[in-house]
Amino acid sequence: MNQGIFKDLKIVEFAAIAAGPLIGKFCADHGATVVHVESYARPDGFRANYPPFKDNEPGYDRSGSFGICNNNKLDVTINLKAPGGIDLAKRLASWADVVTENFTPGTMAKLGLGYEDLKATKPDIIMLSTCNQGQDGPHARHPGFGSHLSSLCGFTSVTGYKDRDPVILYGPYVDHIGVGYGVVALVGALIHKHKTGAGQLIDLAQYECGVQFMMPALLDYTVNNRVMERDGNRHGYAAPHNVYPCAGEDSWCAISVFNDQQWERLCSTMEKPGLISDSRFKTILKRKQNEEELDVIVAEWSSEHPAEYLFKALQENGVMAGIVQGIDELFEDPQLVRRGIWAPVDHKVVGKHHAEGPPFAFSKTPFKIDKAFPCIGEDNERVFKEFLGMSDEEYQKMETDGTIG
Amino acid sequence: MAEKVKVLENCRVLDLSNELGFLCGKILGDLGADVIKIEKPGGDPSRNLGTYYKDRPDPERNLYWFSYNHNKRGITLDIETKSGADIFKQLVQTADIVIETFPPGFMEGLGLDYDTLSQINPGLIITSITPFGQTGPYKDYTGADLVLTAMSGFMSLVGDPDRPPVRVTLPQSYMWTGMHAATGTIMAYYHREITGEGQHVDVSAQASLLWACSIAPSFYDYNGEVPKRAGGFITGRSITGAKMRAVSPCKDGYVNYIIYGGPAGIRTNVRMTEWMDSKGMAPDHLKQKDWKKFNIAAVTQEEIDEIERSNDDFLLTTTKSEFFEKVLEKDMLGYPVATSEDTMKDEQLRSRDLWKTLAHEDLGEEIVYPSFFAKFSDIACNLWRRAPKIGEHNEEIYGELGYQVQDLLNMKRAKII
């Protein structure tokens, strides 16, 4: 820790599950000192309720979902309901440059930890509040998870086959959109602080972030009055455009052909040059018209070959193609491996595993992942004594009366 | 209240990107950066993606272009000509950031790579966005949305188990890539503000979309489990391997209702049973259930199936809006499966003033856009200007560089702009 773009940045997180903690994680990967705050009474939901757990055995320090969102961080436990809890939380917040939180809107203020409260003790604090619906408005306090929000944002209605019910996107899809926008927002506030010395409050609604990813469909509705519908893997003006079965079980290769040149290259890779001038497939309009027939022909060919062969043979011939990689295959993917996406870490309970690095690589300030996720309360002593200057006696007292716990 | 500040006001961005990078420049523009979209003479091929205003296939009416190129000015310039490259270098001297999506090595071939340009402008940040990254065995491979979605692993998690995996019909990979490119770029800009040091940012679309796989990689990394597509169901919530329905048909479409645990989940389950009971549709097994003891992390498929059968029968009797009203009123988890129409009518987004209009004077119409991605107390995040027409700001921007109207005419004749 303590190098990289954010080497002098101190962040305290009153945040749980995915969106809030991942914003902190992106900063921690680039050198920020990030303290994740929870308590034994209210542990992070990912630790408590969400698989995977190492060896399928639940436990706060065995959670993979918590692990993937919290590497390179420190962890403390403050019981906000204990008599000294709020004061301690405030003291920690005053130590930080940035506080993030994803409670229900209004909760932090009710606890005495709202932006105005924190500003009173730390005038240049940056506070990032993130939640589903935003800090105000009629639905602000309505609870929800990312897996619900992906439906409200419109993603569910445009995913799946026409003749089937729509399908759900995996996990809290929209949370992860909120993470990208959240880091941008936070860094925007840091730039402002660097220029003016002033902190500020950021209200980041994941719903509003998700909607940004739907814009072309929303414009098509407002301008053309057309409601976009799910259409499998079809594309308006590309064919073939689908995933095709490959040799082996549940193995698929994605192939997309946008123009005549790519079509010719596909036919030659398939060693079926006769198809190029076949009247059913000669033009893009014809290929779209006879797409189902075309899919059958491509599938017959693809199912005789392993996905990796198809991917490479087609790419080497200039056809856009890809393997539908399983999650296991991602760990072997030479591009992801080369980028150091899977950073090896060691954890006292889970043992050796991997943290996941960022999708951007800096030439001069590379990310550095050097610590697995913290166990619950692992850094109480270090944070409270070293960072806040607490005496041994005071620390002991707070541990005994349950403020730290 | 003091006027909000454009935090990136003095930051000039030269945006050479295609659809992989549109959102990157747009996000920087939202925060007030002076983003100049540079297109080839005649217009960018990306002006033909998606749909058109009133279905008229015209590069000046492309809705995909409108969606992600507002908050930018636009010029035309052929950087593949010597004269064009020379003008580009002049622009670079005035710029802070260059965004490009050419194949690796292409800019180097034009003498416009990071090493060369950073000699002209030492603090320059170049963000290079490609399907797989600047180095590695697949660096020269190409891919549009379908291929990127497949290679990122995201596709393996989406679709019915008895059908091939599917992508989202509205391509998502370009948005993921553009957003993460913005994240990396603004981080590099912050670093430069503090240290004066510029750098090269290498963004991979495949890696950007990897985060859409959420926590799935940890299942494999921890326990060797490979999460798979499960249709309208969610997996990975119980150590028994039970899956929970997330998409249920209702009277006029679908709703997203999932059996959850934790305080909010249990409250939801109890109130759903009460709601069903008020309509005489709650079976005894639900009414008698001790929800306080319900443990989502250990629940079996049998128990889930029994609950869902009754819930699903009930949901078929409600509409999307009845369901939405009820979950809002009773503080329950769940949302309608919204369509574009539902999103544009959503009360919360309206009351937050998300939507603002921009005049498209040529079309004689105002078009609605989201006006921010976050609300800040001190800095401005806003909708500043509509997407540029082809070469709309040539005179303005080349004028700043000292070119006269006659020069522009000559450059146009020479097909440089």
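**Exercise 1. Determine how many residues of α8(A) are buried, and compare the expected span of helix α8 with the distance between its end C-alpha atoms.**

Solution. In this predicted model, α8(A) is mostly covered, with 20 of its 24 residues buried. The helix comprises residues 173–196 of chain A. At 1.5 Å a residue, its 24 residues should span 34 Å. The end C-alpha atoms are 35 Å apart, which agrees with that expectation. Just after α8(A), Gly197(A) adopts a positive phi of about 85°.

**Exercise 2. Identify the residues with the most contacts inside the largest nonpolar core, and state which element gives the largest share of this core.**

Solution. The largest nonpolar core contains 252 residues. Those with the most contacts inside it are Leu186(A), Ile202(A), Cys253(A), Ala321(A), Val13(B), Leu28(B) and Val98(B). The largest share of this core comes from α8(A), with 13 residues. For Val13(B), residues up to four places away in sequence are set aside; its contacts then include Leu28(B), Val35(B), Ile36(B), Ile97(B) and Ile99(B).

**Exercise 3. Describe how strand β9 of chain A is covered and how it is joined to strand β8.**

Solution. Begin with the faces of β9(A), residues 320–323. In a regular strand, side chains alternate between the two faces of the sheet. Here Met320(A) and Gly322(A) are on one side, Ala321(A) and Ile323(A) are on the other, and all are buried. Next, consider the pairing: β8(A), residues 252–256, runs antiparallel to β9(A) and is joined to it by four bridges. Within this pairing, Gly322(A) is the bridge partner of Ala254(A).

**Exercise 4. Characterise the contact between chains A and B.**

Solution. First, count the residues: 124 of chain A are in contact with 131 of chain B. The largest share of the chain A side, 14 residues, comes from α8(A). By class, that side has 66 nonpolar, 44 polar and 14 charged residues. Finally, examine the strands: β12 of chain A (residues 360–362) and β6 of chain B (residues 200–204) pair in the antiparallel sense over three bridges. Asp202(B) is the bridge partner of Ala361(A) in β6(B).

**Exercise 5. Is Pro249(B) buried, exposed or partly exposed, and which residues are in contact with it?**

Solution. Pro249(B) is located in strand β9 of chain B, residues 247–250. A residue is buried with 20 or more C-beta neighbours within 10 Å and exposed with 12 or fewer. Because Pro249(B) has 15 such neighbours inside 10 Å, it counts as partly exposed. Leaving aside neighbours within four places in sequence, Pro249(B) is in contact with Asp165(A), Tyr254(B) and Leu316(B).

Key:
Residues numbered from 1 in each chain as written. Chains lettered and ligands numbered in written order. Predicted model: local features only at pLDDT ≥ 70, side-chain atom pairs only at ≥ 80, totals over all residues. Helix = DSSP H or I, 4+ residues; strand = E, 2+ residues; numbered from the N terminus. Expected span 1.5 Å × (residues − 1). Pairing = 2+ DSSP bridges. Core = buried A, V, L, I, M, F, W, Y, C linked by C-beta atoms within 7 Å. Contact = placed C-beta atoms within 7 Å. Nonpolar A, V, L, I, M, F, W, Y, C, P; charged D, E, K, R; others polar.
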